[in-house]
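Biologist: I should like to learn how to read a structural model in an orderly way. Could you guide me through one?

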Amino acid sequence: LKYHLNGMATNMVDVMDDDSQTLADASIVQENGTTIMVFTKLLAEGGEIPILKEGVNHFLHARGSSNDFGYHSHRSSFGVNFAANQFA
């Protein structure tokens, strides 16, 4: 599912409407304490920040210590330039 991240508290996170649920080929696998989430996302969607074919894209990353929906104390952002195969 895709979510609106309106703040850091769980009550500030809302599931997007069905029309916005456009992720394809989504899967989540847990093995030996590691979770791997894979999905395909459209590069440009109305009302969302586009993912650039060229130039730096900024993404959020967070990890937790349980399967519970909640605040992640380990979080960061990172940049990726897909055309140049570079991580910033």
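Modeller: The following turns go from the overall fold to the surface. Please keep in mind that this is a predicted model.

Biologist: How many helices and strands are there in the protein chain?

Modeller: One reads the elements from the N terminus on. In this protein chain there are seven strands and zero helices, so the order is β-β-β-β-β-β-β. The C-alpha trace spans about 35 × 30 × 25 Å along its principal axes.

Biologist: What share of the contacts with a separation of 6 or more joins residues 24 or more positions apart?

Modeller: In the protein chain, that share is 23%.

Biologist: What percentage of the residues is buried?

Modeller: A residue is called buried when its relative accessible area is under 20%. Of the 88 residues in the protein chain, 11% are buried. The chain exposes about 7,400 Å², and carbon and sulfur atoms supply 54% of that area.

Biologist: Which residues make the nonpolar surface patch?

Modeller: Leu-1, Tyr-3, Leu-5, Val-15, Leu-60 and Phe-69 make a nonpolar patch of about 710 Å². Tyr-3, one of these residues, lies in strand β1, which covers residues 3-5.

Biologist: Why is Tyr-3 classed as partly exposed?

Modeller: The class partly exposed lies between the cut-offs of 20% and 50%. Tyr-3 belongs there because its relative accessible area is 36%.

Biologist: How far apart are the mean positions of the positive and negative charges?

Modeller: The protein chain has 5 positive and 10 negative charges, and their mean positions are 9 Å apart.

Definitions and conventions
Residues are numbered from 1 along each chain as its sequence is written. This is a predicted model: local features need pLDDT of at least 70, side-chain atom pairs count only at pLDDT 80 or more; totals for chains, interfaces and linings use all residues. Side-chain values use heavy atoms; hydrogens and water are left out. Helices (H or I, at least four residues) and strands (E, at least two) are DSSP runs, numbered from the N terminus. Buried means under 20% relative accessible area, exposed over 50%, partly exposed in between (1.4 Å probe, protein chains only). Contact means heavy atoms within 4.5 Å. Accessible areas come from the Shrake-Rupley method with a 1.4 Å probe; for residues, only the protein chains shown count as cover. Lys and Arg count as positive and Asp and Glu as negative; His and the chain ends are not counted. The place of a charge is taken as NZ of Lys, CZ of Arg, CG of Asp or CD of Glu. Patches are made of residues with over 30% relative accessible area and no salt bridge: like charges are joined within 9 Å, nonpolar side chains (Val, Leu, Ile, Met, Phe, Trp, Tyr) within 5 Å. A salt bridge is a side-chain nitrogen of Lys or Arg within 4 Å of a carboxyl oxygen of Asp or Glu.
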